[in-house]
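Please open the model in your viewer and keep the selection tool at hand. The tour below goes from one selection to the next and says what is to be found at each stop.

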Amino acid sequence: EKLKEKLQKEGIFAPERKRPLPTFPTRIGLITSRNGAVIGDFQTNLGRYGFHITMIDSRVEGQLAVAELVGAVRTLKKRDIDVLVIIRGGGSLESLLPFNNEALIREVADSPVPVLVGVGHDKDVPLLCLAADKTVSTPTATAQTLNDTWQRAAAKVELNHRKILTSFKDALNDKKDFVRTSFERMREQV
């Protein structure tokens with residue numbers, strides 16, 4: 001609570017600091033553990049929109065997790081990515097402790113790109129979630145968030161495709177009627 005209060009006074013959690021996610025992200029920097037169901041959930045729910053994932057395997061709980069998470073963020077800060085994603089499944093307050101570490105929070109707050117965090121939790125909100133530009137509750141929701149603008153664009157393209165085909169069909173029918181009527185008039189005059 002003391003750390004939360006300190007960071008809050010510094011403005012690290014301020015809404016005006018939050019950056020929007022890119023409209024059509026393609027280059028994703030992903031930090032999570034390669035072991036476990038989280039990565040599978042994320043990949044299963046991530047759409048086929050040409051995403052290029054740069055993943056860094058990191059512990060997400062335990063004493064060594066903080067150093068690995070901070071190192072992973074620093075590494076991805078040097079990469080050409082559109083959004084930085086940090087995911088982890090749910091867990092107890094104790095297992096989520098690395099996500100309350102000041103060094104990690106400051107690295108994320110200093111990210112040159114927007115940060116999306118999907119740390120599965122119920123009532124306990126890690127400080128990292130407060131510092132992130134966008135937070136969702138699960139790795140699955142993280143993938144769906146990345147898909148969102150792409151899905152809306154695909155739906156809009158499909159709708160416009162149908163409108164164009166309908167307009168073309170209507171125009172073709174109008175011309176067909178015009179040609180038929182013209183032929184009938186020419187026959188009548190012969």
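The stops are a strand and its neighbours, then some salt bridges, and finally a pocket.

Before selecting anything, note that this is a predicted model, in which local features need pLDDT of at least 70 and side-chain atom pairs count only at pLDDT 80 or more, while totals for chains, interfaces and linings use all residues. Residues are numbered from 1 along each chain as its sequence is written, and side-chain values use heavy atoms, with hydrogens and water left out.

**Strand 3 and its partners**

Select residues 83–88, which form strand 3; helices (H or I, at least four residues) and strands (E, at least two) are DSSP runs, numbered from the N terminus. Six of the six residues of strand 3 are buried, where buried means under 20% relative accessible area, exposed over 50%, and partly exposed in between, with a 1.4 Å probe and protein chains only. Show the side chains, and V83, V85 and I87 will be found pointing one way, with L84, I86 and R88 pointing the other way.

Next, add strand 1 (residues 27–32), which pairs with strand 3 in the parallel sense over four bridges; two strands count as paired if DSSP finds at least two bridges between them. Within this pairing, G29 has L84 of strand 3 as its bridge partner. Then add strand 4 (residues 115–119), which is also parallel to strand 3, with five bridges between them, and look for R88 standing opposite V119 of strand 4.

Now bring in helix 4 (residues 102–109), which together with strand 3 and strand 4 makes a right-handed β-α-β unit. Right-handed here means that, with the strands pointing away from the viewer, the path from the first strand over the helix to the second runs clockwise.

**Salt bridges**

In the whole structure 15 salt bridges are found, each being a side-chain nitrogen of Lys or Arg within 4 Å of a carboxyl oxygen of Asp or Glu.

Select E5 and K9, whose closest N and O atoms are 3.4 Å apart; both belong to helix 1 (residues 2–10), four residues apart, or about one turn of the helix. E5 is partly exposed at 44% relative accessibility, whereas K9 is exposed at 68%.

Move on to E10 and R106, a salt bridge with its closest N and O atoms 2.8 Å apart. Because E10 lies in helix 1 and R106 in helix 4, this pair ties together parts that are 96 residues apart in sequence. E10 is partly exposed at 42% relative accessibility, and R106 is partly exposed with a relative accessible area of 30%.

Then select E107 and K77, where the closest N and O atoms are 2.7 Å apart. This pair links distant parts of the chain, with E107 in helix 4 and K77 in helix 3 (residues 65–77), 30 residues apart. E107 is buried at 13% relative accessibility, while K77 is partly exposed at 21%. To finish this stop, select K6, E10, E102 and R106, which are joined into one network by salt bridges that share partners.

**The largest pocket**

Finally, select E1, L3, K4, L93, L96, L97, N100, D124, V125, P126 and L127, the residues that line the largest pocket. On a 1 Å grid over the protein atoms alone, a pocket is an open set of points with protein on both sides within 12 Å along at least five of seven lines, and lining residues have an atom within 4 Å of a point. The volume of the largest pocket is about 170 Å³, a volume being the space filled by probe spheres (1.4 Å) set on the points.
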